[in-house]
Amino acid sequence: MTSRRVFHLVLGLFVATIAFAILGTLSLFIGPVREFFLPYYAGLVAAPTWTYMALLPILSLALYWDQLGVRRSLLFLLAASVIGAAAELLGTNYGVPFGAYSYTDRLGAKILGDVPYFIPTSWYALAVLSYDLAGRLGGNRWVRALGTALFMVVWDVSLDPAMNQGGGTFVFWSYPGGGAFFGMPWVNWVGWAVTSAAISLAFDALGGLRPAGTELTARWAPAVYALNVFFPISICFLYGLPLAGVIGTLTLAASLAVVRWRSRSAPRLAVA
């Protein structure tokens, strides 16, 4: 089976998982359905969440597999996961660079008891997409690192409210000191930016990635990125955080509009 077919297969499963989560939550607004499923609700939330997190890095790997090749695909995965894991372990133990926070048990087993195993590979999955999109904006490696950081922060605009609020029921991580942005301290975004920029520079050191380098990535990278941002946006709306959902929608729309504009004006941008 070719990587293109694997990508489309995983994408279908990925979309189905998100649809299941959204439709399942919507069904709970129907009284009799809610009463029937309420005893199983925790499991019904865990199943699509864990499936989503497991499919996430596979989707990005398949998308860029042909362009990067086996060796660099695995090196990109390893580098981003190690940097992400290191940043998360520093954050959960010392409050640097994200501020003080901790994970609940909703995402399962944890590295050293602090960081869920799903988290490092999610850094890879979204960072490589952000790195590709940032490269389409033009500029040198430092500009690309900044762009990668901005695309990653756009993801977190809706992700953090959805995951640390969870409608008061399903909280995946929390900040003991709270914060101005839906319970999140502003310094968290500094941590996201620094970690994402470091991953971008690591990708450069491994040979980089030509933005929109294949027909598959040119077409699907923006869509996969948007799908990942859309999921927490939908959670925000479903769990009573409409303002966070609106902010997430606007930032997503603005970022994709800039990518589309730059791609039209210079469809084959090269990064120095």
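Leaving aside neighbours within four places in sequence, which residues is Tyr-124 in contact with? In this predicted model, where contact means heavy atoms within 4.5 Å, Tyr-124 meets Pro-57, Ser-60, Leu-61, Phe-76, Leu-77, Ala-80, Ser-81 and Phe-203.

The model is predicted, and local features need pLDDT of at least 70, side-chain atom pairs count only at pLDDT 80 or more, and totals for chains, interfaces and linings use all residues. Residues are numbered from 1 along each chain as its sequence is written, and side-chain values use heavy atoms, with hydrogens and water left out.

Tyr-124 and Phe-203 have the most contacts inside the largest nonpolar core, which has 75 residues; such a core is a set of buried Ala, Val, Leu, Ile, Met, Phe, Trp, Tyr and Cys residues joined through side-chain atoms within 4.5 Å, and buried means under 20% relative accessible area (1.4 Å probe, protein chains only). Among the elements that give two or more residues to this core are the following helices, which are DSSP runs of H or I with at least four residues, numbered from the N terminus.

| Helix | Residues |
|---|---|
| α1 | 3–27 |
| α3 | 41–94 |
| α4 | 118–135 |
| α5 | 141–165 |

Of these elements, α3 gives the most to the core, with 15 residues.

Asp-160, which lies in helix α5, is buried yet has no salt bridge, that is, no side-chain nitrogen of Lys or Arg within 4 Å of a carboxyl oxygen of Asp or Glu. Not counting residues up to four places away in sequence, Asp-160 touches Gln-165, Trp-173, Tyr-175, Met-184, Asn-188 and Trp-192.

Of the 272 residues of the protein, 51% count as buried.

Definitions and conventions. Buried means under 20% relative accessible area, exposed over 50%, partly exposed in between (1.4 Å probe, protein chains only). Lys and Arg count as positive and Asp and Glu as negative; His and the chain ends are not counted.
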